[in-house]
Amino acid sequence: MSGGQPETKFGRKGIAVAALLMTASALALLRPAPAFSQETELRGEVSESAILADQQRKARQMRAQGAQNQTPPPASPALDAPAATYQTASPGAVTDDDQAAGATGSIFDQPQANDDPLAANPTPVKPRRPSTAKQRADDAKAKADAKTADKKKTRKKTGDTTDSTATGATAASGDQTDAATADDDGGNRRAVTIDSVDKQKLDPGQERTASIGGQKVKPEDDPFAAPGIKVGTFVFRPTLEQGFTATSNADSSSTGKSAVLSETNLRFSATSDWRENSALITGYGLFRNTVSGEKINDGQGRIEGQLNVDLDNELRAIAKLGYEAAPESASSPDAIAGVNEQPLRQTVDGSLGIEKSVGKMRYALTGSISHDFYGDATLTDGTSISQKDRDNTLYTATLRTGYQISPALTPFAEVETGRRVYDLRLDTDGFERSSTRLGARAGLELDMGEKLSGEFSAGWLREAIDDSRLPAVAGPSIDADLKWSPERGTTIGLTGKTTVETTTTAGESGDVLYSGRLTGERQIRANLTANAALGLDWRHYTGIDGHDRILSAEAGLTWWLNRYAGLTTRVRTEKLTSNLPGRDYVANSIYLGLKVQR
C-alpha cells in the first residue's frame, strides 16, 4: 500500500501494460481487421504456401490449447503465481502479439471473441482456392457429375418402388412395434432405417414418363406409293401389271372379232438423286396374246430419257432421247388389208434445247430429229410387202419468246421450221414425198404450283410437198398439256396434240390428226383410287373430202392390298365414225388384273 491506496492485483507495471493494451485496442478498432480487408481485386491473390503455413500454425495453436485445458494447473501460492495474461473485455479486441502463444504476426489472425459460445470448438478454416478459370471449370464438372449421380439414384429408387410396396405391407406391423418400443425408451430417435427411404412413395410429379423422343410421326401423303429401289444415283420404280381383257373387237377394225386376251404391262421410271442437275428415264412395254377368239400376238413399247443441265449466265440445257416400237394400227389410214400381220413401225427421236432468261423475258431454242422406219407387211399367203418407201426423217427447229407477266403467267409466241426427208426420193408410184414444214403458234404458260400448271397454244401448221401434183398438208394447230387439282387427292388433266400424218397412197398427200384427252383421278381412300378418261380424235384428210371421228370413254378402279400389290379393273368403249367406206367400228372391253410395284 502507498498513500492509502490499495495495491492492485497486477502492480504498477501491470497497470501500465494494461493502459498500453487498451490504447492499442482502441487504435485497432479504428481500422478494419486484416482478415476482413483481404480483397484479391485490390491487393492481389495470396500464395498457396502462405495459406498452408497459416493453416498449420492455427492447427498447432488449437492442439496446444486443447492440451492446456486437459492438464490441471499445479497448486502454488497466489503471491508466487506469475501475472495472468491480460484478457480483453470488449468482443473483437486483439491482444498484443507478444502475449499470444506462438504469435507470428500473420495477416490471417482473426479478432478474439471471448463471448462466443462456439469458441471452445472452433471450426477449422477451409483453404481458399485460387480464383482461376481452370478451377472454375473443375467445379462445374464436379457439379455436373453430382447431378448425374442424383438422377441415377432417382431412377433406381423409381424402379425399386414397386418391389418395396409389398415388403412395406408385410413389415407394417413390425414397424409399428419398433416405433412403440422407441417411445417407451424415452429417446428422441425416430424408427427410421436406411431401407425405409427406398420404401417411401415417389412424388407423382417426379415419376418417370415416356421418352420425349417418341414424337407423333407425321402420316405419309401417299402411304401406298411405290418406295422405289436405289440403283446408284437413281431411284428405280418398276410396276408390273398382269391381267385378262375380254373385248368385242380384238384389233379395233371394221372386221374385228371378239376375243379374250392376256395382257402384260410393264412400266418403270428412274429419277436421279443429284445435287444440281436432274435426269429422268421412263418406259413401258405392252404385250398381248390371245387366250381364245381372234388371233392376236403383238407387243409395243417406248423408252425415253431426259437430262436437265443448269449452265452459266442463266442458261439451261434440256436434252431428250427416245425409242418407240409398235405395230401399225388396223384403223390407220395406211393399214394394209388382207395381211396376217401389220408392219412394225419404229421411231427414234431426240432433241436439244437451250433456255435463257433475261429479266422478265424468256427465250428458248430447240432442235429435234425424228426418224421413222417400217418393217415388211406379212400377207396371209406368207409373202411380204416392203414398206421402205415410207421411211423418213423429220428435222425441225423451234424458237420461242415469252414475257413473264407474273410468276404464274407467261404468254409466249413461237415459230417452227423444218424439213422432212424420205429415204427414197420417189415412192413406188413415182411421187416425190419430201416436204418443207412451217408453223407458228401463240400460247400461255401457267405455273400456279400444284393447283394449276402447264401450257396451251394455238396456231397454224403447214407441210408443202415437193411434188407439185400433191397439195400441201395444212391446218390449225392446237396443243395443250394442263393439270388442275381442285382439291387434295383429285387431279384433272387435259392434253391436246396436232400431228401431220404422211402417206404413200397414190394421189394423196396425207392428213392432220387432232387428238384430245380429258382425264380425272380421285383418291377415294388411301388404298382406293378411281380414274376416268374421255377422248376425242378428229382426222382430216387433205385433197379429199374425208374425215374420221373417234370417241372413247374409260373408267377404272385400283384397290391396293398393301404398298406393293393391288387389284385393278377398267371398262372401255371406243367408236370410230367416218364418211369413208369400210372404216367404222365399235370396240368394248373389260379388264381385270393384278398390279405389283416396288
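Which residues line the largest cavity? In this predicted model, the lining is made up of R420, Y422, R433, S435, E463, I465, V473, V500, E501, T502, T503 and S509. The structure holds one cavity of 30 Å³ or more, and about 70 Å³ of space lies in the largest cavity. Sorted by class, the residues around this space comprise four nonpolar, four polar and four charged ones. Several strands contribute to the lining, with β13 (409-422), β15 (452-465) and β17 (490-502) each supplying at least two residues, and the largest share, three residues, comes from β17.

From the cavity we can turn to the salt bridges, of which a search of the whole structure finds 31. One of them brings together the side chains of E324 and R302, with 3.5 Å from N to O. Because E324 belongs to strand β6 (residues 315-327) while R302 belongs to strand β5 (residues 297-310), this pair ties together parts that are 22 residues apart in sequence. E324 itself is partly exposed, its relative accessible area being 29%.

Another salt bridge joins E414 to R400, and here the closest N and O atoms are 3.1 Å apart. Since E414 is found in strand β13 and R400 in strand β12 (residues 392-403), the pair ties together parts that are 14 residues apart in sequence. E414 and R400 are both buried.

E414 also takes part in a salt bridge with R441, where the side chains meet at 2.8 Å, N to O. This second pair links distant parts of the chain, as R441 sits in strand β14 (residues 435-447) and E414 in strand β13, 27 residues apart. Like E414, R441 is buried. Through shared partners, salt bridges join R400, E414, E416, R420, R437, R441, E455 and E463 into one network. Two members of this network, R420 and E463, also appear in the lining of the largest cavity, which connects the two parts of the description given so far.

The surface offers a further feature, a nonpolar patch formed by L240, L266, W559, L561, L567, L594 and V596. Together these residues have about 590 Å² of accessible area. Among them is L567, which has its place in strand β21 (residues 565-578). What is the relative accessible area of L567? The value for L567 is 38%, so this residue counts as partly exposed.

Notes
Residues numbered from 1 in each chain as written. Predicted model: local features only at pLDDT ≥ 70, side-chain atom pairs only at ≥ 80, totals over all residues. Heavy atoms only, no water. 1 Å grid on protein atoms, 1.4 Å probe; cavity = no way out; pocket = protein on both sides within 12 Å on 5 of 7 lines; lining within 4 Å. Points joined across faces, edges and corners; volume = space filled by probe spheres on them. Helix = DSSP H or I, 4+ residues; strand = E, 2+ residues; numbered from the N terminus. Nonpolar A, V, L, I, M, F, W, Y, C, P; charged D, E, K, R; others polar. Patch = residues over 30% accessible without salt bridge, like charges linked within 9 Å, V, L, I, M, F, W, Y side chains within 5 Å. Areas by Shrake-Rupley, 256 points an atom, 1.4 Å probe, with all protein chains shown as cover. Salt bridge = Lys/Arg side-chain N within 4 Å of Asp/Glu carboxyl O. Buried < 20%, exposed > 50% of the residue type's maximum accessible area, 1.4 Å probe, protein only.
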